[in-house]
Protein chains: 2
Amino acid sequence: MVRRLEFPARQRPRVVIVGGGFGGLNAAKVLGGAPVDVALFDRTNYHLFQPLLYQVATAALSPAEIAEPIRRILSRHRNIRVYLNGVRAVDVERRLVAHEGGEAGYDYLVVATGATHSYFGREEWAAHAPGLKTIDDAVEIRRRVLLSYEEAEQEADAEARRAKLTFVVVGAGPTGVELAGALQEIAARTIPRDFRNIDTSTARVVLLEGAARVLPGMDPVLSARARRDLERLGVEVRTGAVVTGVEAGGVRIGDQFLLAENVLWAAGVQASPLGRSLGVQLDRRGRVPVGPDLSLPGHPEVFVIGDLAKIPDPRYPDGLPGVAQVAIQGGRHVARIIAREVGGDARGGARPAFRYRDKGTLATIGRNRAVAEIGRLRLAGWPAWVLWGLVHILFLISFRAKVAVMWDWLWNYVFYAKGARLITGSPRLKVKRVLREEEVAALDARDSSAGP
Amino acid sequence: MVRRLEFPARQRPRVVIVGGGFGGLNAAKVLGGAPVDVALFDRTNYHLFQPLLYQVATAALSPAEIAEPIRRILSRHRNIRVYLNGVRAVDVERRLVAHEGGEAGYDYLVVATGATHSYFGREEWAAHAPGLKTIDDAVEIRRRVLLSYEEAEQEADAEARRAKLTFVVVGAGPTGVELAGALQEIAARTIPRDFRNIDTSTARVVLLEGAARVLPGMDPVLSARARRDLERLGVEVRTGAVVTGVEAGGVRIGDQFLLAENVLWAAGVQASPLGRSLGVQLDRRGRVPVGPDLSLPGHPEVFVIGDLAKIPDPRYPDGLPGVAQVAIQGGRHVARIIAREVGGDARGGARPAFRYRDKGTLATIGRNRAVAEIGRLRLAGWPAWVLWGLVHILFLISFRAKVAVMWDWLWNYVFYAKGARLITGSPRLKVKRVLREEEVAALDARDSSAGP
């Protein structure tokens, strides 16, 4: 059997990190200075700045502006090796990780494979309602959104045109709210002058949320404000709206069917399947329950961090939320524990418990509109929006990206222009019928009366 | 039968433009001010700045930096409609264009569908040697190039590793030369510190040219200089090298086989197949012979411009070269003819002949290295490189893109860093065998002796 050994020599303890997201990357950075050999595995060659992914999906940013090669980020740490391999399973008894290229033995393991969107067991919905977790997801959503305007421009049947110009976002967490706001801005501000046969400002953006309010994770006051801002932008917000079906051409809400060619999924979250191989009982969202030090019960050498972990905290009955800060702080915490123990302290000695410092929650709705919750502070409108922008620029990995994103944002702000309106991959136009002369004329008349 | 009519009313002459490249776009811009209704058809929704496409393929630029939505470029011209449709055929007798959405009638037709790379009738080579004509081509080449370093990092078999680290570029025209130079810079400067098991600076970049010299279209003095510069960079240049086969894992030159997992095609050019439906005898490269006014013989209402046209010129025995300037100037020329004739002059009256003004040829080899041929002037080295940079920034469509590209170039120049090193699409690692401990150790030793 092929046995993989990532490690040149065995003098130093071997640490395997699975996942190059916020958790894994921050663990690696801390261990870069420790007397260990580190192997980091990821399915992709880049670290993705998830919080801005929706801007790639809505053509405001390019993928390269929010993704940096993991190798490059860690290149100065000579004790870290990066491997582009997905990890299939962990054998906690034999202390082996099975990945696409073979197996890797470890002395310490950090599992940080995060979570993906879930369709509540209705995987067949995925084809009609793409979620937003990877660069490829974002580019595919961008393709669908832009393509459906192109199709509408050529669609003569009024109902079909309406469906192509209806965008439904399922789930009103931060990502859903941000997607809906950006889609509305595209329709109303970015592209109206570019089309002739359709008036894109009549496009309909519908935000569906099963809970009683948008941004359920935030203060009700801010939820109300976010809803008001969304509605002022022109977004149709429906709370208490339970999606009972997603099919080609529309979405079913309760027993009502909403015609929509574009349904985007920003709802459920499901932890990475790798958790199943850790031999413990997972919670309903597939998360791995961990001890106060973030280690796996019975396996002090295995740590689980970020969205994959169910981290106990008196302040959070359902465990810590799946946000970047929990992953970042968790990654640093376990790396310090490892560094300390390999530094000589007795293995398994009393470890510090992980204490999450909540730095607050931010969500942007559109230009000059956002909500922020920082400790007891509540912000909305322009100040929250500026804060949101600063924080996100600040946390971008590279200075190159910071400047590039600022430039695109500035351009976008001044001209309402989205810089990355590219339909890549093969566009398949599905035109039912093409316009008759009088139809074009009619549309034209309306167009010019609406005119600039 | 579905009959498409792009045109709201018939008072004004209808002009159909096929293709949104340099030729079609410039024709459209001129016609934006004329009393005509214009419909522009293109398979993609963006105008691509071809000259910098190789920088997307080599991770220096993002697609959105060299592509702008055609709609946006033309949005201020209310008499122009843009349709995302490929055009299948032209019926010059019935004056109809058959496209994916139906048919379009015209009073004037401008065909500007350009050319693509040709494998000299060996289409089976395409799978193993991707060419570089579209954004998707460029992203695929980027994926393959970056992925093969990732595979090499995990490849234990020395010969297989060698093959993964060998990059062959077929064709030493400007694109081939620029690709080879950029691939060499990636290997030697951009990524060496990012890998542990391989020394990327030992990667081999081979540039193959069937002719006796690189840049055959330019002055022999500059060809010699370009070759010297390429070799100084570390590129292996082989002229008079005729490729007799391309297969998985390598390329055949005469009767010699060169092991290489990465073969990039920058050789033959074949005009767009649309020319076949125009009912005239095409030349061996599929180009449409046109009259001095760029119209189709016997059809003064049909113009063919850019790479698709074989344009007679006493200075060029084989017709005008397939460069951007010929397309741009041709597009403006035919648009002015149309504008003049719809403006009242007798249709078919004496039309001015197209006179191409050669503004010169530029090719860059790598940082501080380029060659330029402008009239009688010959430039090489740093001045030519600066000129190349200025000209390309200047001709980029949008100010947004100009600034973005300058920033990426500046960053790249200072840090040798490529900003867009993303492997998108599903990376399939094909690792033959994984490293044994001593192998990693050996590679390691060599690595550290080679040092940062």
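Which residues form a positive surface patch in chain A, if you go looking for one? Select Lys29(A), Arg76(A), Arg332(A), Arg336(A), Arg357(A) and Lys359(A), and you have it on screen. Keep in mind as you click around that this is a predicted model. While the patch is still highlighted, pick out Arg336(A): that residue belongs to helix H9, which covers residues 324-342 of chain A.

**Next stop: a nonpolar patch**

Stay on chain A and select Trp382(A), Leu410(A), Tyr413(A), Val414(A) and Phe415(A). Together they make a nonpolar surface patch of about 520 Å². Now colour helix H11, residues 399-415 of chain A: this helix gives the most to the patch, with four residues. Leu410(A) is found in H11. Is Leu410(A) buried or partly exposed? Leu410(A) counts as partly exposed because its relative accessibility is 47%, while the cut-off for buried is under 20%.

**A helix under cover**

Jump to chain B and select helix H1, residues 22-31. This one is mostly covered, with eight of its 10 residues buried. To see them, show Phe22(B), Gly23(B), Gly24(B), Leu25(B), Asn26(B), Ala27(B), Ala28(B) and Leu31(B). What covers them? Turn on the neighbouring pieces of chain B: the cover includes strands E1 (14-18), E2 (37-42), E3 (46-48) and E5 (80-84), along with helices H4 (70-74) and H9 (324-342).

**Salt bridges**

There are 62 salt bridges over all chains, so let's visit a few. As a reminder, side chains of opposite charge can pair when their charged atoms come close.

- Begin with Glu185(A) and Arg367(A), whose side chains meet in a salt bridge at 3.8 Å, N to O. Glu185(A) is in helix H7 (residues 174-190) and Arg367(A) is in the loop between strands E23 (361-366) and E24 (369-374), so the pair ties together parts of chain A that are 182 residues apart in sequence. Both Glu185(A) and Arg367(A) are buried.
- Over in chain B, zoom in on Glu68(B) and Arg400(B), which meet in a salt bridge at 2.7 Å, N to O. Here too distant parts of the chain are linked: Glu68(B) sits in strand E4 (residues 67-69) and Arg400(B) in helix H11 (residues 399-415), 332 residues apart. Both Glu68(B) and Arg400(B) are buried.
- Then try Asp229(B) with Arg228(B), a salt bridge whose closest N and O atoms are 3.9 Å apart. Asp229(B) is buried, at a relative accessible area of 2%, whereas Arg228(B) is partly exposed at 36%.
- For a whole network, go back to chain A and select Asp283(A), Arg284(A), Arg285(A), Arg287(A), Lys310(A) and Asp318(A), which are joined by salt bridges that share partners.

**A buried arginine in chain B**

Where does Arg287(B) lie? Look in the loop between strand E18 (268-271) and strand E19 (288-289) of chain B. Arg287(B) counts as buried because its relative accessibility is 2%. Leaving aside residues up to four places away in sequence, Arg287(B) touches Ala271(B), Leu282(B), Asp307(B), Leu308(B), Ala309(B), Lys310(B), Asp318(B) and Leu320(B). If you'd like to try the distance tool, the C-alpha atoms of Arg287(B) and Arg378(B) are separated by 30 Å, and these residues are 91 places apart along the chain.

**Two backbone angles to check**

Most residues other than glycine have a negative phi. Now select Phe120(A): its phi is near 50°, a positive value. Phe120(A) lies in the loop between strand E10 (115-118) and helix H5 (135-153) of chain A, and is exposed, with a relative accessible area of 56%.

For the other one, go to Asn368(B), where phi is near 65°, again positive in a residue other than glycine. Asn368(B) is in the loop between strands E23 (361-366) and E24 (369-374) of chain B. Asn368(B) is partly exposed, at 27% relative accessible area.

**Last stop: a buried alanine**

Finish at Ala260(A), in the loop between strand E16 (256-259) and strand E17 (262-265) of chain A. Ala260(A) counts as buried, at 1% relative accessibility. Which residues does Ala260(A) touch, not counting those up to four places away in sequence? Show Ala163(A), Thr166(A), Val168(A), Gly249(A) and Gly250(A). Of these, Gly249(A) is 11 residues from Ala260(A) along the chain, and their C-alpha atoms are separated by 5.3 Å.

Key. Residues numbered from 1 in each chain as written. Chains lettered and ligands numbered in written order. Predicted model: local features only at pLDDT ≥ 70, side-chain atom pairs only at ≥ 80, totals over all residues. Heavy atoms only, no water. Buried < 20%, exposed > 50% of the residue type's maximum accessible area, 1.4 Å probe, protein only. Helix = DSSP H or I, 4+ residues; strand = E, 2+ residues; numbered from the N terminus. Contact = heavy atoms within 4.5 Å. Patch = residues over 30% accessible without salt bridge, like charges linked within 9 Å, V, L, I, M, F, W, Y side chains within 5 Å. Areas by Shrake-Rupley, 256 points an atom, 1.4 Å probe, with all protein chains shown as cover. Salt bridge = Lys/Arg side-chain N within 4 Å of Asp/Glu carboxyl O. Lys, Arg positive; Asp, Glu negative; His and termini not counted. Charge placed at Lys NZ, Arg CZ, Asp CG, Glu CD.
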